[in-house]
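Below are my notes on the model you sent, set out as numbered points. I have kept to the sheets, the helices packed on them, the charged pairs and the cysteines.

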Amino acid sequence: MPSTTAVHVDRALSNISIFYKNPGYVADIISPPVNVVKESDKYFVYGTEHFRIPPTLRRDKGMTGEVTYSLSTDSYYCEEYGLHELISDRERGNSDAALRPEIDATEHLTEVLSLDREYRVANLLLDNTSAQWGNYAATHFENLGAAWDDKANADARGDIYHAKLIIWADARRQPNTMFIPVEVAYQLAQLDQVDELRKYTDPGLVLDSGLPPKVWGLNIKECQSTYESQDEGATTIIRDETWGNNVIICYINPQPMSLKTQTFSLTMQNRNFEIRKWREEKRRSDCIEATHIYDMKIVSPSCGFVYTNAMTSAI
């Protein structure tokens, strides 16, 4: 009787393949893209004179008081980010049925560029030395007194309301969203304060981390992306969380593309993802290129608050 290896020649399955990717990005939520015509330009920023109460009493035959408002400008400068990948004629000709070189290359390029943008947005918003935070960096960044994995001492409810009050005092906007890395979300979900909230939440709405979708007035957005920080070709894979163990509480305008708007951050987008393909005859390959033109801005720093080191222990 022949052996199993004699009657079957190993080959790649045509209906199964394994692909690792980040489950989701939050850059488009925390810094929503707005389309702009020019790669660089300015936008108007109104002053805060409307918060002042000038003398308004008018005496008989007198003149009413005269007021004015200030107007300044800020600017953006879009850069182009892109990558390309080659598909050789030999690669295409030798591909098994489960592989689709052009589609696979396009998905790879857009996935890497999406991660790149997530990383850039996170670096901007979490950098308290950035000039875009202005004077608000001193009061809108805090290290948690008791991290949320310190079950005995953590006071997440007090921490969140503290951040909300600072944003309200400076921006006169009630923050509506909290961005939290999944590892930190797991720790927050285990606190008794959150367990009490979960009792009154539809079980079908509870997030995979165990958090309710809304915690003390804040919509929960879990930051799920990671990136490999070691050099290419290294034998040991080291993955870092894109958003670290930091938590961002902020106000996000549901309609950011409007006049006299107020929102934490925007991405000025001159061109969304563009996929181009051309022939490189000397290399006997087709080239697929993906590019994206944008600039990220903290347009209302008073609308954001960052807790650093929200978790101390390693998973």
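In what order do the 4 strands of the open sheet with mixed pairing stand? The points below begin with that sheet, and it should be kept in mind throughout that this is a predicted model.

1. The 4 strands follow the order 1-12-13-4, and they form an open sheet in which the pairing is mixed. Strand 1 (33–35) and strand 4 occupy the edges, and because each has a single partner strand, one side of each is left without a neighbour in the sheet. Averaged over this sheet, neighbouring strands are turned by 35° against each other when direction is ignored.

2. Within this sheet, strand 4 and strand 13 run antiparallel and are joined by 10 bridges. One residue pair to look at is Ile-87 and its bridge partner in strand 13, Asp-286. Helix 4 lies across strand 4, strand 12 and strand 13, and its direction is at about 20° to that of strand 13.

3. Asp-286 also takes part in a salt bridge, its side chain meeting that of Arg-92 with an N to O distance of 2.4 Å. Since Arg-92 belongs to helix 3 (residues 89–94) and Asp-286 to strand 13 (residues 285–298), the pair ties together parts that are 194 residues apart in sequence. The two partners differ in their exposure class: Arg-92, at a relative accessible area of 32%, is partly exposed, whereas Asp-286, at 11%, is buried.

4. The salt bridge between Arg-92 and Asp-286 belongs to a wider arrangement, in which salt bridges that share partners join Asp-89, Arg-92, Glu-102, Lys-277, Arg-279, Glu-281 and Asp-286 into one network. For the structure as a whole, the count comes to 14 salt bridges.

5. Another of the salt bridges is formed by the side chains of Glu-80 and Arg-271, at 2.9 Å from N to O. This pair links distant parts of the chain, with Glu-80 in strand 4 (residues 79–88) and Arg-271 in strand 12 (residues 265–280), 191 residues apart. Glu-80 is partly exposed at 48% relative accessibility, and Arg-271 is likewise partly exposed, with a relative accessible area of 24%.

6. A salt bridge within a helix is found between Arg-120 and Asp-116, whose closest N and O atoms are 2.9 Å apart. Because these residues are 4 positions apart in helix 4 (residues 101–125), about one helical turn separates them. Arg-120 is partly exposed at 30% relative accessibility, and Asp-116 is partly exposed with a relative accessible area of 22%.

7. A further open sheet, also of mixed pairing, is formed by 6 strands in the order 5-14-11-6-8-7. Its edges are strand 5 (141–143) and strand 7 (214–215), and as each has a single partner strand, one side of each is left without a neighbour in the sheet. Helix 6 (residues 156–171) packs on this sheet and touches strand 5, strand 6, strand 7, strand 8 (218–223), strand 11 and strand 14 (304–308), its direction making about 150° with that of strand 14.

8. Strand 6 (residues 177–181) and strand 11 (residues 247–250) run antiparallel and are joined by 3 bridges, and Met-178 stands opposite Ile-249 in strand 11. Helix 7 (residues 182–189) lies across strand 6, strand 8 and strand 11, running at about 105° to strand 6.

9. How many of the 8 residues of helix 7 are buried? The number is 7, and the helix is accordingly described as mostly covered; the buried residues are Val-182, Glu-183, Val-184, Ala-185, Gln-187, Leu-188 and Ala-189. Their cover includes helix 6, strand 6, helix 8 (192–198), strand 8, strand 10 (239–241) and strand 11.

10. On the cysteines, a search of the whole structure finds 0 disulfides. Cys-250 is in no disulfide, and the nearest cysteine sulfur, that of Cys-303, is 8.4 Å away, whereas a disulfide would require the sulfur atoms to be within 2.5 Å. Cys-250 counts as buried at 0% relative accessibility, and Cys-287 is buried as well, with a relative accessible area of 2%.

How values were computed
Residues are numbered from 1 along each chain as its sequence is written. This is a predicted model: local features need pLDDT of at least 70, side-chain atom pairs count only at pLDDT 80 or more; totals for chains, interfaces and linings use all residues. Side-chain values use heavy atoms; hydrogens and water are left out. Two strands pair if DSSP finds at least two bridges between them. Helices (H or I, at least four residues) and strands (E, at least two) are DSSP runs, numbered from the N terminus. Contact means heavy atoms within 4.5 Å. Axes are lines fitted to C-alpha atoms, for helices over the stretch in contact, and angles run from 0 to 180 degrees between N-to-C directions. A salt bridge is a side-chain nitrogen of Lys or Arg within 4 Å of a carboxyl oxygen of Asp or Glu. Buried means under 20% relative accessible area, exposed over 50%, partly exposed in between (1.4 Å probe, protein chains only).
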